Amino acid sequence: MLVQQLETANLRLHHSAHDLSPTELVARPVPGVNPIAFLIWHMARSQDWAVNTAIRDVPEMVAREPWVHSRLAVPGIGTGFELAEAAGAAAHFELSQLLSYADAVHGDTLKWLSTVDDTILDAIPDVAAHDARHPEYQRAGFRAEMDSGPEHDDAVGRKGGLPVWVFLTSVSITHLHRHLGELDLIKDLLRRQPQAR
């Protein structure tokens with residue numbers, strides 16, 4: 001079921017993003033929203049962080065070839081970024097590279113899942129220790145957002161941390177679908193403006 005849900009999120013990303021123009025990728029039709037290019041990058045980066053740093057404590061895809069030398073190798077996953085910082089990063093992203101990176105993260109996640117058994121899903125990784133090796137995950141904005149919310153409070157207070165299945169379902173599936181809804185809304189708003197394309 002996890003694999004099917006991950007596949008659905010990836011398919012939906014391609015469906016929503018495949019025909020975006022360079023102008024649409026960086027446009028901000030409503031004050032305070034992030035550009036679509038940033039959203040796509042953030043979705044892939046969030047899954048990369050969740051699976052490879054938070055759960056597995058291995059180098060993220062963005063730290064491996066060919067991504068480590070690409071414009072996508074911006075420190076962090078976008079969580080806690082200021083609007084100007086997000087827009088500045090988005091200005092350097094190209095759609096084909098964003099989708100290729102998202103596919104690489106997706107493929108890497110599925111490959112890893114095929115090598116583990118279900119008992120790992122209830123394991124509670126030491127995310128704080130894994131994050132501690134990465135200065136970008138010590139930023140105040142990142143820490144404030146990641147250390148808040150009912151899921152986090154419940155898991156830390158009663159269970160001692162978030163289990164692997166939460167990182168997979170919450171970060172790599174539900175979180176992506178929420179941002180895909182945001183992407184679709186921004187895209188729709190842009191296409192209601194004749195000059196957007």
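Q: Lys and Arg count as positive here, and Asp and Glu as negative. With that in hand, how many positive and negative side chains does the protein chain have?

A: Keep in mind that this is a predicted model. The centres of the two charge sets lie 4 Å apart. As for the tally in the protein chain, it comes to 17 positive and 26 negative side chains.

Q: Which pattern does the protein chain follow along the sequence?

A: The protein chain has zero strands, and its helices number nine. Reading along the sequence, you get the pattern α-α-α-α-α-α-α-α-α.

Q: What radius of gyration does the protein chain have?

A: Start with the box that the C-alpha atoms fill, roughly 50 × 35 × 35 Å along the principal axes. For 197 residues, a compact globule would come out near 16 Å. The protein chain agrees with that, because its own radius of gyration is 17 Å.

Q: What share of the contacts with a separation of 6 or more comes from residues 24 or more positions apart?

A: Some background on the protein chain helps: 47% of its 197 residues are buried. Its accessible surface comes to about 9800 Å², and 57% of that belongs to carbon and sulfur atoms. Now to the contacts with a separation of 6 or more: the share from residues 24 or more positions apart is 79%.

Q: How many residues apart in sequence are the parts that Glu60 and Arg45 tie together?

A: The two side chains meet in a salt bridge, with 2.9 Å from N to O. Glu60 sits in the loop between helix H3 (36–55) and helix H4 (83–90), while Arg45 is in helix H3, so the parts they tie together are 15 residues apart.

Q: Is Arg45 buried or exposed?

A: Its salt-bridge partner is Glu60, which has a relative accessible area of 4% and is buried. The cut-off for buried is under 20% relative accessible area. Arg45 has 1%, so it counts as buried.

Q: Which residue forms a salt bridge with Arg133?

A: The closest N and O atoms of this pair are 2.5 Å apart, and the partner of Arg133 is Asp57. The pair links distant parts of the chain, 76 residues apart: Arg133 is in the loop between helix H6 (127–132) and helix H7 (140–146), and its partner in the loop between H3 and H4. Arg133 counts as exposed at 52% relative accessibility. The partner is partly exposed at 29%, and its name is Asp57.

Q: What is phi of Asp57 near?

A: Most residues other than glycine have a negative phi. Asp57, found in the loop between H3 and H4, goes the other way with a positive value, near 60°.

Q: Which peptide bond is cis, with omega near 0°?

A: Most peptide bonds are trans. The cis one described here leads into Pro66, a residue that lies in the loop between H3 and H4. It is the bond from Glu65 to Pro66.

Q: How many residues apart are Arg64 and Asp108?

A: Arg64 and Asp108 form a salt bridge, with their closest N and O atoms 3.3 Å apart. The pair links distant parts of the chain: Arg64 is in the loop between H3 and H4 and Asp108 in helix H5 (residues 95–113), a separation of 44 residues.

Q: Which residues are joined into one network by salt bridges that share partners?

A: The structure holds twelve salt bridges. Those that share partners make one network, joining Asp19, Glu24, Lys187 and Arg191.

Q: How far apart are the C-alpha atoms of Ser16 and Lys187?

A: Ser16 is found in helix H1 (residues 2–17), and at 2% relative accessibility Ser16 counts as buried. Leaving aside neighbours within four places in sequence, Ser16 is in contact with Leu180, Leu183, Asp184 and Lys187. Although Ser16 and Lys187 are 171 residues apart along the chain, their C-alpha atoms are separated by 8.5 Å.

Q: Which residues is Thr79 in contact with, leaving aside its neighbours within four places in sequence?

A: Thr79 lies in the loop between H3 and H4 and is buried, with a relative accessible area of 8%. From C-alpha to C-alpha, Thr79 and Ala54 are 14 Å apart in space, with their positions 25 residues apart in sequence numbering. Setting aside those neighbours within four places, the contacts of Thr79 are His42, Gly141, Phe142, Glu145 and Met146.

How values were computed: Residues are numbered from 1 along each chain as its sequence is written. This is a predicted model: local features need pLDDT of at least 70, side-chain atom pairs count only at pLDDT 80 or more; totals for chains, interfaces and linings use all residues. Side-chain values use heavy atoms; hydrogens and water are left out. Helices (H or I, at least four residues) and strands (E, at least two) are DSSP runs, numbered from the N terminus. The radius of gyration is taken over C-alpha atoms; the globule rule is 2.2 Å times the number of residues to the power 0.38. Buried means under 20% relative accessible area, exposed over 50%, partly exposed in between (1.4 Å probe, protein chains only). Contact means heavy atoms within 4.5 Å. Accessible areas come from the Shrake-Rupley method with a 1.4 Å probe; for residues, only the protein chains shown count as cover. The place of a charge is taken as NZ of Lys, CZ of Arg, CG of Asp or CD of Glu. A salt bridge is a side-chain nitrogen of Lys or Arg within 4 Å of a carboxyl oxygen of Asp or Glu.
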